[in-house]
Amino acid sequence: MPAREPSALRALPVWPDTWYVVARSADIARGAVIDGAIARRPYVIFRTAGGELGALDAHCPHMGAHLRSGEVLGDRLRCPLHHWTLDRTGQVCGAQGARRQGVHAWPVAERFGLVFLYPGRGAPPELPRTDAEDYAWITGEPVVLDTDWRAMVINGFDLQHMLTVHQRALTAPARFSRTGQGALRLEYATRVTPGGGLENWLVKWVSRDRIRVRQTCHGTIIVLESDLGRTRSCAVFGFVKTDAGAQAHIAFGTPRNGPLWRLRLRITRWSFLSFLRKDYAVIEKMRLKLDGVDDPGVQNLSAYLRSLPELER
Ligand code: FES
Ligand SMILES: [Fe+2]
């Protein structure tokens, strides 16, 4: 008989009622259709000839064909089976439209080079944002790990692992707060300790060993803003449960100023990825357990996640 899931973990939503990052903008060319599911709700996303995204329930309102092999015609999606067409609002177009109800259109948006999807049926919450104005963004390859997505999001707030995994020592107590959007914010400062490899050496040099981080969790999404003194950077992570475990989409940003911003952007991506590889190595195959964990970051994030409403399944 399988072991029972620990109660502290069971209290956290598997599918919180928030925005989800489901793809990179570059993954959906004009005329392309992708599909997926959130909380067992299948969806398709298509990009119109004009470049806009539409997101709809995945099954055609006529006889239920899956729309992932549909064809984009102008600003509409044509069902592969009998060629009914749907617009981005989910309405059936043409002669059939008068007789048939359409499908639900999911709120969809693009930011930071990522595609955000809201699976709830009410009005969507405000999209996660950063204070970073005029940033240039670059995305990383999506990461799939055999673990719980909540292990990935909690890792970002796990203060103890900053030293053991990342060789970064806190230089002051971490501070927690709620933003105007209701998101959970963690602010902390660290310095580099020996043994962290090239990435830590570079960060230490650039920051003069004063690394300040502001990290905000919006349910399944974390916005991390770091201030390294001479340079600022940002990373946006979107986590989602998958059949294989958990998937993360990531975007990295730096200010678009000076002649070297492209180089700085690539160094930022490299630096974040070096940092994250250490997390992936220890989170892979992790079976998350929260009972009795006393790390204040883990406790605060758990309490925040517990407060989020869950999507109906
Ligand atoms: S099932 Fe889509 S048009 Fe018939
Ligand atoms: Fe980490």
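Two strands pair if DSSP finds at least two bridges between them. The views below show a predicted model.

**View 1. Domain 1 and domain 2 of the predicted model.** The domain assignment places residues 20-117 in domain 1 and residues 135-306 in domain 2. Between the C-alpha centres of the two domains the distance is 33 Å.

**View 2. The contact between domain 1 and domain 2.** Eleven residues of domain 2 are in contact with seven residues of domain 1. On the domain 1 side, strand E1 (residues 20-24) gives the most, with four residues. By class, this side of domain 1 has five nonpolar residues, one polar and one charged.

**View 3. The two faces of strand E15 (residues 184-192).** The covered face is made of Leu-184, Leu-186, Tyr-188, Thr-190 and Val-192. Arg-185, Glu-187, Ala-189 and Arg-191 lie on the uncovered face.

**View 4. Strands E13 and E14 beside E15.** Strand E13 (residues 168-170) is antiparallel to E15, with three bridges between them. Ala-169 is opposite Arg-191 of E15, a residue of the uncovered face. Strand E14 (residues 175-178) also runs antiparallel to E15, joined by four bridges. Here Arg-178 has Leu-184 of E15 as its bridge partner, and Leu-184 belongs to the covered face. The hairpin of E14 and E15 has five residues between the strands, and in this hairpin Gly-182 takes a positive phi near 85°.

**View 5. The pairing of E15 with strand E16 (residues 211-218).** Seven bridges connect these two antiparallel strands. Ala-189, from the uncovered face of E15, has Arg-212 of E16 as its bridge partner.

Definitions and conventions:
Residues are numbered from 1 along each chain as its sequence is written. Chains are lettered from A and ligands numbered from 1 in the order in which they are written. This is a predicted model: local features need pLDDT of at least 70, side-chain atom pairs count only at pLDDT 80 or more; totals for chains, interfaces and linings use all residues. Domain bounds come from an automatic or database domain assignment. Two residues are in contact if their C-beta atoms, placed from the backbone, lie within 7 Å. Ala, Val, Leu, Ile, Met, Phe, Trp, Tyr, Cys and Pro count as nonpolar, Asp, Glu, Lys and Arg as charged, and the others, Gly among them, as polar. A residue is buried if 20 or more other C-beta atoms lie within 10 Å of its own, exposed if 12 or fewer, and partly exposed in between; C-beta atoms are placed from the backbone.
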